Amino acid sequence: MFLAIRLTASRAGRRLPGSFGNLIVCNKYSTKESHRPTSLVGRDFLTLRDYSAAEIETLLWTAKDLKTQIKINKSAYQPLTGKSMVAIFQKRSTRTRVSTEVGFKLLGGNTVVLSPEDGHLGVNESIADTSRVLSGFADIILARVYSHRILEEMSREADIPVINALSDSYHPLQILADLLTLQERFGRLRGLTVSWVGDGNNMAHSLLMACPKLGINLRVATPRGYECEERIVSDAKRFSDQAGTELSLTYDPEKCVRNADVIVTDTWISMGQEKEKQERLKAFAGYQVTKQLAGLAKENWVFLHCLPRKTEEVTDDVFNDRQRSLVWQEAENRLWTVMATALLLLTDDHQPSIAKPEF
């Protein structure tokens with residue numbers, strides 16, 4: 001393998017542990033910017049905008065393979081033995097933290113968790129300095145943050161992959177879990193119609209970055225004033241045009257849900273928005289997912305919610321419908337998808353034991 005040493009501040013290579021200044025070892029076959037379709041090693045996972053349909057399918061295939069090997073076949077599979085992850089949580093978490101710690105350990109790795117009380121990200125130490133320090137300690141960083149800009153800065157400064165475990169702009173790990181759940185239910189993704197009813201938030205943004213590429217028709221209904229960001233919608237329209245899928249945005253939940261296969265919603269009041277609660281409850285009147293609203297969808301419609309759930313978002317009879325509500329399967333799939341993501345960003349050695357599913 002060809003190695004070249006050069007004096008540069010470029011991100012084209014990795015700083016070696018213990019290196020000084022801008023001395024970089026560059027490996028042209030394994031760089032953070034590599035976009036080889038057969039390898040995700042060294043990549044960041046900040047938004048599904050940066051991943052092709054084939055790469056998303058590879059992540060889902062790997063997640064399904066890990067679920068088959070470890071859960072169904074009861075196999076011990078630890079390809080990440082000796083690897084370490086630092087998981088940073090600016091926001092409290094149940095599903096993300098537990099799935100990350102359990103999943104990385106199942107793969108043989110070790111996880112160090114930093115809560116707001118444990119670290120001083122961007123407070124007593126700059127984000128850049130923290131990122132550089134952690135690059136010398138661990139093999140990968142996972143971070144759940146308030147601002148997506150924090151992740152972008154970490155990506156620039158860290159010499160190890162960075163995974164977005166949630167930001168104000170995107171929640172890509174959750175969307176992988178949603179997509180895996182739908183593939184398991186329908187046996188495919190292409191041709192499905194997914195209807196989002198609720199806030200134009202990080203979940204809606206991540207659906208916009210993934211669904212159009214994968215052949216999924218996507219409809220988004222939000223109240224006025226709570227629309228998705230225009231720059232993200234613009235990207236989604238481009239992906240939709242390229243893939244020939246339907247993409248529509250509306251203020252009418254009934255129009256959005258009509259003849260849909262999947263209805264998805266989320267919290268109306270995210271962490272940090274508590275002071276807006278009464279204003280938001282008023283604005284979102286009419287956006288609750290009810291059996292009456294869902295009755296406009298296709299006969300075999302299903303429901304997704306990333307949790308935690310409030311009754312103003314979805315009624316009990318929808319949420320607890322054992323035939324249609326996939327929320328518990330969706331929650332479990334957070335485990336297998338974060339495992340797949342960490343695995344593929346760290347090694348090329350994984351060979352799936354199952355045939356590629358239909359997407």
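**Reading a predicted fold: salt bridges, sheet and surface**

Guide: Start with one pair: E229 and R231 form a salt bridge, their closest N and O atoms being 2.9 Å apart. A salt bridge here is a side-chain nitrogen of Lys or Arg within 4 Å of a carboxyl oxygen of Asp or Glu. The model is predicted: local features need pLDDT of at least 70, side-chain atom pairs count only at pLDDT 80 or more, and totals for chains, interfaces and linings use all residues. Residues are numbered from 1 along each chain as its sequence is written, and side-chain values use heavy atoms, with hydrogens and water left out.

Visitor: Is R231 buried, partly exposed or exposed?

Guide: Buried means under 20% relative accessible area, exposed over 50%, and partly exposed in between (1.4 Å probe, protein chains only). R231 has 48% relative accessibility, so R231 counts as partly exposed. E229, at 32%, also counts as partly exposed.

Visitor: How many salt bridges does this rule give?

Guide: The count comes to 18. One of them joins E332 to K71, with the closest N and O atoms 3.0 Å apart. That pair links distant parts of the chain: E332 is in helix α12 (residues 327–346), K71 is in helix α1 (residues 53–72), and they are 261 residues apart. Helices (H or I, at least four residues) and strands (E, at least two) are DSSP runs, numbered from the N terminus. E332 is partly exposed at 27% relative accessibility, and K71 is partly exposed at 36%.

Visitor: What is the burial of each partner in the K291 and D321 pair?

Guide: First the geometry: K291 forms a salt bridge with D321, and their closest N and O atoms are 3.3 Å apart. K291 lies in helix α10 (residues 291–294), D321 in the loop between α11 (316–319) and α12, 30 residues apart. K291 counts as partly exposed at 34% relative accessibility. D321, at 15%, counts as buried. Elsewhere, salt bridges that share partners join R49, D50, D235 and R238 into one network.

Visitor: Now the sheet. In what order do the four strands lie?

Guide: Strands of a sheet pair through backbone hydrogen bonds, either parallel or antiparallel. Two strands count as paired if DSSP finds at least two bridges between them. Here the order is β4-β3-β5-β6, an open sheet with parallel pairing. β4 (110–114) and β6 (162–166) stand at the edges with a single partner strand each, so one side of each has no neighbour in the sheet. The twist averages 20° from one strand to the next.

Visitor: How many bridges join β3 to β5?

Guide: Five bridges join β3 (residues 84–89) to β5 (residues 140–144). Within them, look for A87, which stands opposite L142 in β5. Then find helix α4 (residues 148–157), which lies across β3, β5 and β6 and runs at about 170° to β6. Axes are lines fitted to C-alpha atoms, for helices over the stretch in contact (heavy atoms within 4.5 Å). Angles run from 0 to 180 degrees between N-to-C directions.

Visitor: Which residues make the nonpolar surface patch of about 210 Å²?

Guide: Patches take residues with over 30% relative accessible area and no salt bridge; like charges are joined within 9 Å, nonpolar side chains (Val, Leu, Ile, Met, Phe, Trp, Tyr) within 5 Å. Here V98, V102 and L106 make the patch. L106 sits in helix α2 (residues 95–106), and its relative accessible area of 32% makes it partly exposed.

Visitor: How many helices and strands does the protein chain have?

Guide: The chain has 12 helices and 11 strands. Of its 359 residues, 55% count as buried.

Definitions and conventions
Accessible areas come from the Shrake-Rupley method with a 1.4 Å probe; for residues, only the protein chains shown count as cover.
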